[in-house]
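Subject: Structure handover

Hello,

Here is the structure I promised to pass on. Please open it alongside this email.

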Amino acid sequence: MKTRRSKLTLWTILGIIVVIVLGVVIFFQSPYSKTRHEFDQAVTDQIDHLSISQEVFTTEDMEGLPAPVRHYFTYSGYLGKPKMSYMKAAFKDVDFIMSPDKPAISIDYTQFNFAHEPIRLAFIDTTLYGIPFQGLDSYVHGKGSMLGVLAKGFTLFHQTGEEMNKAALVTFLSESLMIPSAALQPYIVWESIDDTHAKATISYDGCSASGVFAFDADGKLLTFTTEDRFLISPDGTYQQVTWFVRFDEYELTNGIKQPTHLQAIWKFSDKDLIYFDSHEVSFDYDQPL
């Protein structure tokens, strides 16, 4: 009788384990994600409050800009095109390094940038050791945030604070020429350096950051470099490292030349770390979520 009860107990335990495992598998495979929902809702909230511009880029808009920036607008084909209110950039299969001491993983990365004020929302989707990992990077109303969620429900890190605000602001600046209506806003001030370099300073909600854009002689955007972006680790520690963005492999899409290969790089004293390396990106403007 005692043996029979032991067997029943064993089968009960095994049954519970099977139910738990099946529940976890179903949960992981479920399309619902709280983090994704928060991202979609934040983007929708911003779009719902926009008034889509009916204007186009003109030569008058270029007056006062440094020569290489004016050449960029011409080279890229923006003159005569509609001024965009927001941009969607979708990156697929990005080689991404979360920390200098970690190997690269493959991620999908979707972001929205808005022009009326510097607002940036980005969603990261990948897996770590077979477990879903999702991230939400945001800069809204002057506040930067970096959230990492494992298994759709466990917060691994949530970075905020002044360093995060500045890092998010200068990231928006680095992408401003991908949504050039933002580059014309009063919160960005341009300074001439020479025929192929221009400095830009972005100021918002009491925070400022600067960087230098480099172009070739035709006006093609090549790089962005700044000393104003902190390397913030998931554990909350941070260090100031030169940050470098490379734009390459331009293709013509809807009459506009856009880069299809983007890299974000930390320039340490002894090496360059390419931590974001994407060969597949698409840009869309003023399109539904």
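Below is what I found, starting with confidence and ending with the strands.

This is a predicted model. The average pLDDT for the protein is 89, and 89% of the residues reach at least 70. One stretch needs care when you read the model. Residues 18-28 have a pLDDT below 50. Beyond near neighbours in sequence, that stretch makes six contacts in the model.

Now the nonpolar cores. The largest one has 68 residues. Which of its members touch the most others? They are Leu-177, Trp-190, Leu-221, Tyr-275 and Phe-276. Helix α5, residues 162-174, gives the most to this core, with seven residues. A second, separate core has 13 residues, among them Leu-50, Tyr-86, Ile-119 and Phe-123.

Phe-276 is worth selecting on its own. Leave out residues up to four places away in sequence, and Phe-276 touches Phe-91, Val-94, Asp-95, Phe-96, Ile-107, Tyr-109, Leu-262, Gln-263 and Ala-264. Phe-276 also belongs to an aromatic cluster, together with Phe-91, Phe-96, Tyr-109, Trp-266 and Tyr-275. Two names recur from the core: Tyr-275 and Phe-276 are in this cluster, and both are listed among the core members that touch the most others.

Aromatic pairs come next. The count is 23. Tyr-72 and Tyr-78 make one that is tilted, with 6.1 Å between centres and 40° between planes. Phe-73 and Tyr-78 have ring centres 6.2 Å apart. Their planes meet at 65°, which is over the 60 degrees required, so this pair is edge-to-face. Are these residues buried or exposed? Tyr-72 has a relative accessible area of 1%, so Tyr-72 is buried. Tyr-78 is also at 1% and counts as buried. Phe-73 is buried as well.

Two charged side chains sit over rings. Arg-229 lies over the face of Trp-243, 4.4 Å from the ring centre. Lys-267 lies over the face of Phe-244, at 5.1 Å from the ring centre.

Trp-243 leads into the strands. Strand β13 covers residues 242-253. Strand β10, residues 221-226, pairs with β13 in the antiparallel sense over four bridges. Thr-226 has Trp-243 as its bridge partner in β13. On to strand β14, residues 256-267. β13 and β14 run antiparallel and are joined by 11 bridges. Arg-246 has Gln-263 as its bridge partner in β14. Gln-263 came up earlier too, as a contact of Phe-276. The hairpin of β13 and β14 has two residues between the strands. Asn-254 in this hairpin takes a positive phi near 55°.

One last residue: Gly-142. Where is Gly-142 found? The answer is the loop between β4 (131-140) and β5 (143-150). Why does Gly-142 count as buried? Its relative accessibility is 5%, and the cut-off for buried is under 20%, so Gly-142 qualifies. Leaving aside neighbours within four places in sequence, Gly-142 contacts Asn-165, Tyr-204 and Asp-205. Asp-205 is 63 residues away along the chain, yet the two C-alpha atoms are separated by 5.5 Å. Asn-165 falls within the residue range of helix α5, 162-174.

Best wishes

Key:
Residues numbered from 1 in each chain as written. Predicted model: local features only at pLDDT ≥ 70, side-chain atom pairs only at ≥ 80, totals over all residues. Heavy atoms only, no water. pLDDT = per-residue confidence, 0-100. Contact = heavy atoms within 4.5 Å. Core = buried A, V, L, I, M, F, W, Y, C linked by side-chain atoms within 4.5 Å. Buried < 20%, exposed > 50% of the residue type's maximum accessible area, 1.4 Å probe, protein only. Phe/Tyr/Trp six-rings, centres within 6.5 Å; stacked < 30°, edge-to-face > 60°. Lys NZ or Arg CZ within 6 Å of the ring centre and 35° of its normal. Pairing = 2+ DSSP bridges.
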